[in-house]
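Trainee: Could you take me closely through one part of this model, namely the way its strands pair and what is packed around them? I should like a single connected account.

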Amino acid sequence: MRRNGISATVLQSSGGAELRRGAGDIDGLAATEQALDATGAPVLHLRCGYFMSNLLMSADEIAGGTLSTPWPLDHPLPWVAPGDVAAVAAVWLLGPVWSGRLVQAVHGPADLTFDDAAAVLTGVLGHPVRAVHLPRAGFRSMLAGLGMTAPEIDAVAGMAEGLSAPGYLPEQRRDAVSTTPTTLRAWAAEHLTPGPA
């Protein structure tokens, strides 16, 4: 940024980056936030919620009627469509250059538990979908079975473990600015249902 005279930067960060440590992979985003802040150039950190597109990794399982997750099934998360994150970033990058360090949450239209998400998917797909909790040890064992190293397991499992810990609340709470329009129902209808034959 210094060498090339970049006038402003938008970082796609995540809720939980404000913790700086203890949130698995998100700790890397926290370190990136700090590195960008240290340049002194204008920077905006977009603290995004849980990406709806994460469901694509479970598409076959969802088609079979279950949605497995290491998150507690009753833990609400701000579910956001990646396209909405891109739209927020574009508004900032195409608008007037700002000064200093800014943080903006991108929380999607609603906070949903995995039980809520399974109910939405049931309605969209036309067959029952049930959320299934993967306990900490079982999830970590499953990741090890996929060939992940201990640090890789900590990175993946640590996100749910850190952000569902008692007492954690996002630094940026939901408001009119952080709320974006694409619902999980609309996203799932576009991305998880069969297209025209």
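Mentor: Two strands are taken as paired if DSSP finds at least two bridges between them. The model is a predicted one, and what follows should be read in that light.

I begin with the open sheet. It consists of three strands with mixed pairing, arranged in the order β3-β5-β7. At its edges lie β3 (50-51) and β7 (110-112), each of which has a partner on one side only. Strand β5, residues 77-80, runs antiparallel to β7, and three bridges connect the two. Within this pairing, Leu77 faces Leu112 of β7. As a general point, the strands of a sheet are paired through backbone hydrogen bonds, in a parallel or an antiparallel sense.

From this sheet one may pass to the nonpolar packing. In soluble globular proteins, nonpolar side chains tend to be buried together. The largest nonpolar core here comprises 30 residues, and those that touch the most other members are Leu55, Trp79, Phe114, Leu121, Leu184 and Trp187. Two or more residues are contributed by each of α1 (26-37), β5, α4 (114-125), α6 (150-163) and α7 (184-191). The greatest contribution, six residues, is that of α4. Leu184 shows how parts distant in sequence meet: leaving out residues up to four places away, it touches Met52, Leu55, Trp79, Leu112, Ala117 and Val120. Leu112, which stands opposite Leu77 in the sheet, is thus among the contacts of Leu184. A separate core of 11 residues lies apart from this one, and its members include Leu46, Val80, Ala89 and Val106.

A second pairing involves β4 (66-69). Over four bridges, β4 pairs in the parallel sense with strand β8, residues 130-133. Thr69 is placed opposite His133 of β8. The two faces of β4 differ in cover: Leu67 and Thr69 are on the covered face, whereas Thr66 and Ser68 are on the uncovered one. Leu67 has a relative accessibility of 2%, and since buried means under 20%, it counts as buried. Beyond its neighbours within four places in sequence, Leu67 is in contact with Leu55, Ser58, Glu61, Ile62, Phe114, Leu121, Val129, Arg130, Ala131 and Val132. Among these contacts, Leu55, Phe114 and Leu121 also appear in the list of residues that touch the most other members of the largest core. The C-alpha atoms of Leu67 and Val120 are 12 Å apart, with their positions 53 residues apart along the chain.

The third pairing joins β1 (9-14) to β2, which run parallel and share six bridges. In this arrangement Gln12 stands opposite Leu46 of β2, and Leu46 is one of the members of the 11-residue core. Six of the six residues of β2 (residues 43-48) are buried, so this strand is largely enclosed by the rest of the structure. Val43, His45 and Arg47 point to one side of β2 while Leu44, Leu46 and Cys48 point to the other, and all of them are buried.

Two further residues extend the picture beyond the strands. Ser178 belongs to the loop between α6 and α7, and because its relative accessible area is 2%, it is buried. Its contacts, apart from residues up to four places away, are Ala105, Val106, His107, Gly108 and Arg173; Val106 is also a member of the 11-residue core. Leu192 is found in the segment after α7, and it too counts as buried, at 17% relative accessibility. Leu192 touches Leu55, Leu56, Ala59, Ile62, Leu121, Leu125 and Trp187, again not counting residues up to four places away in sequence. Although Leu192 and Ser178 are 14 residues apart in sequence, their C-alpha atoms are 25 Å apart.

There remains the space beside these elements. The largest pocket has a volume of about 1,200 Å³. It is lined by 43 residues, with Tyr50, Asn54, Trp71, Phe114 and Met159 nearest its centre. Each of β1, α1, β3, β4, β5, α5 (136-145) and α6 supplies at least two lining residues, and α6 gives the most, with four. By class, the lining holds 25 nonpolar, 13 polar and five charged residues. Phe114 links the themes of this account: it lies among the residues nearest the centre of the pocket, it touches Leu67, and it is one of the residues that touch the most other members of the largest core.

Key: Residues are numbered from 1 along each chain as its sequence is written. This is a predicted model: local features need pLDDT of at least 70, side-chain atom pairs count only at pLDDT 80 or more; totals for chains, interfaces and linings use all residues. Side-chain values use heavy atoms; hydrogens and water are left out. A nonpolar core is a set of buried Ala, Val, Leu, Ile, Met, Phe, Trp, Tyr and Cys residues joined through side-chain atoms within 4.5 Å. Buried means under 20% relative accessible area, exposed over 50%, partly exposed in between (1.4 Å probe, protein chains only). Contact means heavy atoms within 4.5 Å. On a 1 Å grid over the protein atoms alone, a cavity is a set of points where a 1.4 Å probe fits but cannot get out, and a pocket is an open set with protein on both sides within 12 Å along at least five of seven lines; lining residues have an atom within 4 Å of a point. Grid points are joined across faces, edges and corners, and a volume is the space filled by probe spheres set on the points. Ala, Val, Leu, Ile, Met, Phe, Trp, Tyr, Cys and Pro count as nonpolar, Asp, Glu, Lys and Arg as charged, and the others, Gly among them, as polar.
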